[in-house]
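Open the model in your viewer and keep the selection tool at hand. This tour goes stop by stop.

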Amino acid sequence: VRALGREDRLMRLLLVRHGQSEWNAARRLQGQADIALSDKGRAQARALAPVIAAIRPDAAITSDLARAVETARLILPGPAPSATPALREIDVGDWTGAEILHLIAKQPENYQGWRAGTYAPPGGEMWADFRARAANAITTAPQADTLLAVCHGGVIRALLQHFLNLAPARIIPVSPASLTSIRLNGDLSGARLELFNYTASAPEFEAPD
């Protein structure tokens with residue numbers, strides 16, 4: 001989102017994680033594997049739709065992975081938003097498809113390091129590169145007073161760090177089909193966390209990565 005002309009003008013960045021996917025349900029890491037929504041994930045997205053409609057975003061973008069594209073279609077009326085690979089989840093390399101509980105049991109230090117942004121699995125993406133990629137997707141998005149980005153849990157945590165300096169180790173996994181909102185000045189300074197991890201149903205405190 002480009003500067004809006006006046007530094008004191010506020011804009012709202014809405015971040016929605018896709019609904020539950022088939023691999024979320026199985027507690028497997030997805031990274032950039034193109035996994036579809038589960039039936040529960042579709043229901044979660046439909047439940048969030050009235051919330052997004054009430055906010056009325058001016059523009060929307062989405063990750064180009066199927067689970068995000070379908071979530072965007074279910075929560076937004078009209079034409080599909082622009083899809084970009086820049087909003088894809090972090091690439092987890094050799095961990096793609098791995099069971100999370102298995103990783104925690106067999107590689108606890110590496111897993112905690114990955115959650116903290118200090119470790120990348122073999123063949124995976126470095127956190128700093130991922131964070132820069134996600135931030136660039138927002139800063140080059142169409143100008144809007146309220147921009148909606150349908151993306152992934154890792155993307156949301158990366159953007160919370162980029163705009164609010166919240167370390168990834170201090171942020172819980174983002175719930176499927178949840179809404180997070182950040183308020184920004186027109187020059188993208190002065191970020192404030194407005195809403196985090198809001199869902200249309202009961203909160204999910206043990207959300208999958």
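A residue counts as exposed when its relative accessible area is over 50%, and as buried when that area is under 20%. Keep both cut-offs in mind. The model is a predicted one.

**Stop 1: asparagine 165**

Select asparagine 165. You are in the loop between helix H7 (153-164) and strand E5 (179-185). Is this residue buried or exposed? Its relative accessible area is 65%, so asparagine 165 is exposed. Now check the backbone. Phi is positive here, about 60 degrees, although asparagine 165 is not a glycine. Most residues other than glycine have a negative phi.

**Stop 2: arginine 56**

Next, select arginine 56. This residue sits in the loop between helix H2 (39-55) and strand E2 (59-63). Its phi is near 55 degrees, again a positive value in a residue other than glycine. How exposed is arginine 56? The relative accessible area is 66%, so arginine 56 counts as exposed.

**Stop 3: helix H3**

Now select residues 66-75. This is helix H3, and it is mostly covered. Of its 10 residues, 7 are buried. Colour them to see where they fall: Arg67, Ala68, Glu70, Thr71, Ala72, Leu74 and Ile75.

**Stop 4: the largest cavity**

Turn to the empty space inside. How many cavities of 30 Å³ or more are there? The count comes to 2.

Start with the largest cavity, which holds about 170 Å³ of space. To find it, select Arg17, Glu89, Trp114, Gly154 and Asp209, the lining residues that lie nearest its centre. The full lining has 19 residues. Which helix gives the most to this lining? H7 does, with 3 residues. Helix H5 (108-116) and H7 each supply at least two. Colour the lining of the largest cavity by residue type: 7 are nonpolar, 6 polar and 6 charged.

**Stop 5: the second largest cavity**

Keep Trp114 selected. It also belongs to the lining of the second largest cavity. Add the other lining residues: Ile90, Gly117, Thr118, Tyr119, Ala120, Glu125, Met126 and Trp127. The volume here is about 40 Å³. What is the make-up of this lining? It divides into 6 nonpolar, 2 polar and 1 charged.

**Last look**

Show the stops together. Asparagine 165 and arginine 56 are exposed. Helix H3 is mostly covered. Trp114 is one of the residues nearest the centre of the largest cavity, and Trp114 lines the second largest cavity too.

Methods: Residues are numbered from 1 along each chain as its sequence is written. This is a predicted model: local features need pLDDT of at least 70, side-chain atom pairs count only at pLDDT 80 or more; totals for chains, interfaces and linings use all residues. Side-chain values use heavy atoms; hydrogens and water are left out. Buried means under 20% relative accessible area, exposed over 50%, partly exposed in between (1.4 Å probe, protein chains only). Helices (H or I, at least four residues) and strands (E, at least two) are DSSP runs, numbered from the N terminus. On a 1 Å grid over the protein atoms alone, a cavity is a set of points where a 1.4 Å probe fits but cannot get out, and a pocket is an open set with protein on both sides within 12 Å along at least five of seven lines; lining residues have an atom within 4 Å of a point. Grid points are joined across faces, edges and corners, and a volume is the space filled by probe spheres set on the points. Ala, Val, Leu, Ile, Met, Phe, Trp, Tyr, Cys and Pro count as nonpolar, Asp, Glu, Lys and Arg as charged, and the others, Gly among them, as polar.
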